[in-house]
Amino acid sequence: MSRRSTGLIATWAEIQRQQQRQQEAQHRARLQQQRESERQQRAAERAAARSQREQQAAYRQRREADAQRRTEELDARVEMLKGLLTAGCDAPGFSTAALARPEHVEPFAPGALADPIPMPDPGAYQPQQQGGWGFGAKRQAQEEARARFEYDWQAAQAAEAQRRHRLDAYWRQYQQWAEQQLAAIREHNAGIAGLVATLRRGDPDAVVEYFSAALYASEGWPEGFPRQVSASFDPGARQLVLNWELPGYGIVPEVSAVRYMPGADREKETRRPVSERRALYRDVLAQSMLLALRDLFAADRFGTLDSVALNGFVDDTDPATGRQTQTFLATVMVARTEFDKLNLAQVSAADCLVDGLRGRLSQSPDRRVAVRPGRVPAEVGRSVVSHGADQEPDLYEMDPIEFEELVAELFRAMGMQAVTTQRSGDGGVDVDALDPDPIRGGRIVVQAKRYRDTVPPTAVRDLYGTVQDVGANKGVLITTSAFGPGSHRFADGKPLTLVSGGELVDLLHRHGLGGRLGSTPQTQTQTQAQAQAGSGADGEPDEANVLGMSWSGSVELDVCALVCEGSRVVSEEHFVFYNNPSTPDGSVRMVPGSGPDKAAIRVAFDRLPGSADRLVLVAATDPEADPDADLSGFTDARIRLSDASGTEIDRLDVSDGRPRETALVLGSFRRRASGEWQFVIGGKGYPGGLADLIEEYGVEVS
């Protein structure tokens, strides 16, 4: 073999060795990469397993915490029931002083109107080339600067004059409003003083109303307890006789504890022993009876009552008739002198009621085993006053959660989606509503406030902040009271709607819901507009009422009337306006205003259609007289109610108009069950004018 061949073979062998080394290195790299991948996969699997264990542990802890929370809530509920009488006795007794309202009104708050318009600074108008107003090479620049200054000065002076004019007008409006508020407060307080006088005389109706209110407004009764009472007063015996509703058996929790079972991933409820539940329920009934007696005697600050006959009942169903009935589970008749000797904080409730006061308490109240009641209200011989049943709910006294749910139900009745929010973390929202209308709809946040006094502007500002925070399309503030001018001024021009108590009641009734503002609604102006039936030979009613409308301001208005059944006009012919000045039967017709009245409507209430239960009065701007007019100039408005002879019977105040609204519901006369007509103030405005308003009452607008 030649030396050359030997060299080639050696070279080839070296190449093969290099290739083998490269293959081995690549193999080692692949093995290293595979081992690294397997290591990472094992690490990921361990992390996933650890995360799963942590999630399972967190889930278990959450479920165990939920079970523990439910158990604690059950324990707290039972402790509350056991201490019902003790806690109730710590609550202050009811008194007429609590009904009095302080003579305080919202202070004058003009907002930005209080800030003077800043005047322009002459120094800011000097040419940059040289200072002063001299005459030199830059005379033209100086003259132009002087002209700008004088123009801005005159504009600022005009703006300041306008501000002062608006501030003066707003101040006069505020003074008028404040005087009205103070007059209402003083009238209310005078009524309280009159109530005290009638109580001291022992007037049966006043006594029943006062002590029923004492039970209904007592702070000693927990949430969820019923407050239904029927009462009558025997002035000769100075005895108050009542039927008072007691809580049902369901008030005592059926479950005593809740435990989470991780193996089955469910909660296990431990039932409360039947004997324990029955004993606690019987004790709750006895405590309720004693607490009601305590509230009644504590409220008697005038020595009105010598004794009380109290019968406790639960609502039940008569198995023979299937109708609702009352089953009496406890009864007692006790003199005040005897009751005052008790130390309620130390007594055993059942023993005290049965042995100490010689009352009767059902041995098996859970099975509705009744006792024979003592003296009942119907036996007293006077009319019986009932509260809390078969009547519209008093919005003032509703539970806050029930009030919010009623507001949500109102929005649902108006065709929207609406739910109440949680009690905590709601961000200032009580009801969250969604209007499905594709143009004007969107999310609406609602705050519901059960106030008796005027809502402060701070509440309106807070609502506006909430609207901005949550990105809602609109905010609605609903109250059982009213809003002052400061609130309306702040809401002006913002996506806010303010609904006063009178407007809320009107909306509830128009959408098939119920609600009232106290036994004598303070936000409603009432009058009896009774007319004698009959007509003359010419078909005109012999007796009719004239509704004369007057207002301040130069705005031109059309005053109209709608004869309605509920929230719908009886027929389009029963919409009385300038093109239809009378209903077909002539019961409602437009007549010229006289004296201070700018417009008038003549109404024969007894000749209205039998199906009609309300007469709605509205005002709207005249677009032909002034297309740009709104109701901001509609102030100091009132309705003068006169009889057929022109003698004034009453004056009914109505709401002022607001900017950008061109139609307004002044109020409505409503037929009550007694046949009498009662006036309820309105206040709802419509930016779209009369067309939008009447469409809501079922009048088709072509």
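Begin with the internal space of this predicted model: a search of the whole structure finds one cavity of 30 Å³ or more, and about 60 Å³ of space lies in the largest cavity. To bring its walls into view, select D506, R510, R614, V616, V665, G667, S668, R670, V680, I681, G682 and Y697, which line the largest cavity. Colouring by secondary structure then helps, since the elements that each give two or more residues to this lining are helix 11 (501-510), strand 20 (614-621), strand 23 (663-671) and strand 24 (677-681). Strand 23 gives the most to the lining, with four residues. If you colour the lining of the largest cavity by residue class instead, you should find five nonpolar, three polar and four charged residues.

Turn next to helix 3 (residues 139-201), and set a distance between its end C-alpha atoms, which are 92 Å apart. At 1.5 Å a residue, the 63 residues of helix 3 should span 93 Å, so the distance in the model agrees with the expected one. Just after helix 3, select G202, which takes a positive phi of about 75 degrees.

The aromatic side chains make the next stop. Select F108, Y170, W171, Y174 and W177 together, and you have the members of one aromatic cluster.

Across the structure, the count comes to 19 aromatic pairs. One of them is formed by Y210 and F211, an edge-to-face pair at 5.0 Å centre to centre, with 80 degrees between the planes. Are these two rings buried or exposed? Y210 has a relative accessible area of 2% and therefore counts as buried, and F211, with a relative accessible area of 0%, is buried as well.

Move on to F313 and F328, which form an edge-to-face pair at 6.1 Å centre to centre, with 65 degrees between the planes. This pair links distant parts of the chain, as F313 belongs to strand 5 (residues 307-317) and F328 to strand 6 (residues 324-335), 15 residues apart. F313 is buried, with a relative accessible area of 1%, and F328 is also buried, although its relative accessible area is 13%, because the cut-off for buried is under 20%.

Finish with two places where a charged side chain meets a ring. Show R277 and Y249 as sticks, and you will see the charged end of R277 over the ring of Y249, 4.1 Å from its centre. Then centre the view on Y464, where K494 lies over the face of the ring, at 5.7 Å from the ring centre.

Methods
Residues numbered from 1 in each chain as written. Predicted model: local features only at pLDDT ≥ 70, side-chain atom pairs only at ≥ 80, totals over all residues. Heavy atoms only, no water. Phe/Tyr/Trp six-rings, centres within 6.5 Å; stacked < 30°, edge-to-face > 60°. Buried < 20%, exposed > 50% of the residue type's maximum accessible area, 1.4 Å probe, protein only. Lys NZ or Arg CZ within 6 Å of the ring centre and 35° of its normal. Expected span 1.5 Å × (residues − 1). 1 Å grid on protein atoms, 1.4 Å probe; cavity = no way out; pocket = protein on both sides within 12 Å on 5 of 7 lines; lining within 4 Å. Points joined across faces, edges and corners; volume = space filled by probe spheres on them. Nonpolar A, V, L, I, M, F, W, Y, C, P; charged D, E, K, R; others polar.
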